[in-house]
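Trainee: Please take a close look at one part of this model, the places where its pieces touch. I would like one connected account.

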Amino acid sequence: MNVLEVENLKKHYPIHAGLLRKEVARVRAVDGVSFHIAKGETLALVGESGCGKTTVSRCILRAMPVTSGAIRFAAGEGRTVDLATLPKRQVRRLRRHMQMIFQDPYASLNPRMMVGDIIAEPLKVNGVPAAERRERVRELLELVQMPQSARSRFPHAFSGGQRQRIGIARALALNPRLVVADEPVSALDVSVQAQIINLLLDLQDRLGLSMLFVAHDLSVVRHVSDRVAVMYVGRMVEVAPTDALYRAPLHPYTEALLAAVPAPDPARRGHRRVAQGEVADPIRPPPGCAFHPRCPYAVDRCRAERPELAPAAGGRWVSCHRAGELGLTGVA
Amino acid sequence: MLPTPMAERVSLAIRDLAVQFESEQGVVRALDGVSFDLHAGRTLGVVGESGCGKSVTARSILRIVDRPGRITGGRMLLDPGTDGEVDLATLDPESRPMRAIRGGRVGLIFQEPMTALSMHYTVGNQIIEAVRQHNDLSKSAARDRAVELLREVGIPRPEARIASYPFELSGGLRQRVGIAMALAGDPDIVIADEPTTALDVTTQAQILALLRRLQAEKNIALMLITHDMGVIAEMADEVAVMYLGRVVEFAPVTELFAAPRHPYTRALLRAVPSILAAPRQRLSTIGGAVPHPGQRPSGCAYHPRCGERLGAICMERPPAPVPPGMTGASCFRDEPQERAA
């Protein structure tokens, strides 16, 4: 069963200029993206800045209106709703089923609220009685491995890693059907990052979380995700089970991304090819495949015709005219 | 274990460097006896988590430590053992010689290149000014030099780009301009403080390749500060691992990764997520977090988190620092070894 199905999602921003504020251009931040998240699955959404991954996550949470496309969400009791078209008021009622874990544990917790109240807030908003709230906060603190004494303290008393645990406890308070985590470990130091990654793995096992994990760090993603969706300039270029994607990428951009990650092993030094050029401008994406100016395998067709995301063997999807004939290099 | 040949001349020798920040809350020892050498043509990777003192070390060398921080001890010898030896620690930060060294002999590359660049002037104006500050050149000769610098750092169409404002450039191009600025005074020492942390991964790979090429061409002594073990593995010849204001381990890069000597280094390496991980692979963790530098634990500052603690000795007195030129850990379990000179 799928918790979420996104189909042909588009988010365009018009750019206005001149006296009449005429639309002169459009930023195609997200330009026809499709994917699904199965129950209990963690899907990582990866790509470089400006690829549209954060915009996708914000559209799903309806933090911004959608230009077109469908976002089908399993809202419980066999009911499926389209978040893309649902009136704002009804979206708010569904919010308890979709929770968010933020990047910055310093900015995302109210400094004037005690930790117990921060975690209990979503419960209170949803009318959970006080006695039940207290019990639930106790459970949640235990779940994220924080001492019970934390509840009567303020966020400033805690380190970045502990604050991130508090944020996770708050996100899980209402047993959400979907958790959207936007770069949840990228602001943390290595030793703390490892603790939070392990915590997320534990929570996946214990609670069967369904999660959209938005991240740029491909090493972190390999640890925590079941499948990976790679975006480039507003489009999905490849979706595949994690291990398959890392071992044998099907899209040249995925290959370039993997090759660019410095591995913590000096013996591998210098064995990688560096992708040339820069990420294309989403206002004027190149014709054909947006990656073609940087792609070492590009042929005439890539410059003229835009590839569509198409199924490949092993439950994979790839958007490349030459998929399957390239034999690309992954990381073992 | 074979000693590493380090025949290249020492450009900068840091000895027992101490920096304190004094405030009403008390004294914070940001650096507490840091020693190492920078060698021409070699890259020293300085790695550690937030608060370990890596950036303070860089700022001390350039004498731009923010108030209320001040250097309270130690020496920073430029060209040690030569007739021209200068101790940067004794210079007035505002003095002419220090200003000539900062951006001249010693170049600095920041994490966010906008730190070094002004929004209000073109890239060209800023590089030309930096070139003229450190060289006796006419305006037009300085302009030619600026174009050449932009070309050297791989900026396409430098004659046109010279008229751009920093905000018109992508993050990757801005960092290339930042590197051109750092090179404007023909430095033989370059300090790069997290130069690729703000960049995307494919851009990071390009900038690291650029730094490596420039270093080889110019025989630069590069001090590369990062929190990323992958970047260290990719770039460093030798590595200094820092924890709470001290160098806790110093080793050639292959030795550091193959046989880390300090329990903190071992724990850190096991905690790093890897692009080679198995599905759902858990990481080893270090208990707790880095303490605030104002609340330095007694004895070995790492002892409360150390899984290999020996006992009372680790809590009572700090282990000896690794002497410069040696490979080893500042740990009671370790005996540093000589590296061949």
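Mentor: What follows goes from the domains of one chain to the contact with the other chain. This is a predicted model, in which local features need pLDDT of at least 70 and side-chain atom pairs count only at pLDDT 80 or more, while totals for chains, interfaces and linings use all residues. Residues are numbered from 1 along each chain as its sequence is written, and chains are lettered from A and ligands numbered from 1 in the order in which they are written.

Chain A is split into domain 1 (2–225) and domain 2 (250–332), with bounds from an automatic or database domain assignment. Their C-alpha centres are 29 Å apart. Where they meet, 9 residues of domain 1 of chain A contact 8 residues of domain 2 of chain A; contact requires C-beta atoms, placed from the backbone, to lie within 7 Å. On the domain 1 side, strand 2 (22–38) and helix 7 (218–224) of chain A each give two or more residues, and strand 2 of chain A has the largest share, 5 residues. Helices (H or I, at least four residues) and strands (E, at least two) are DSSP runs, numbered from the N terminus. By class, this side has 4 nonpolar, 3 polar and 2 charged residues. Ala, Val, Leu, Ile, Met, Phe, Trp, Tyr, Cys and Pro count as nonpolar, Asp, Glu, Lys and Arg as charged, and the others, Gly among them, as polar.

The contact between the chains takes 37 residues from chain A and 39 residues from chain B. On the chain A side, at least two residues each come from helix 6 (190–207), helix 7, helix 8 (242–247) and helix 9 (252–260) of chain A. Helix 6 of chain A supplies the largest share, 8 residues. The chain A side comprises 20 nonpolar, 10 polar and 7 charged residues.

Methods:
Two residues are in contact if their C-beta atoms, placed from the backbone, lie within 7 Å.
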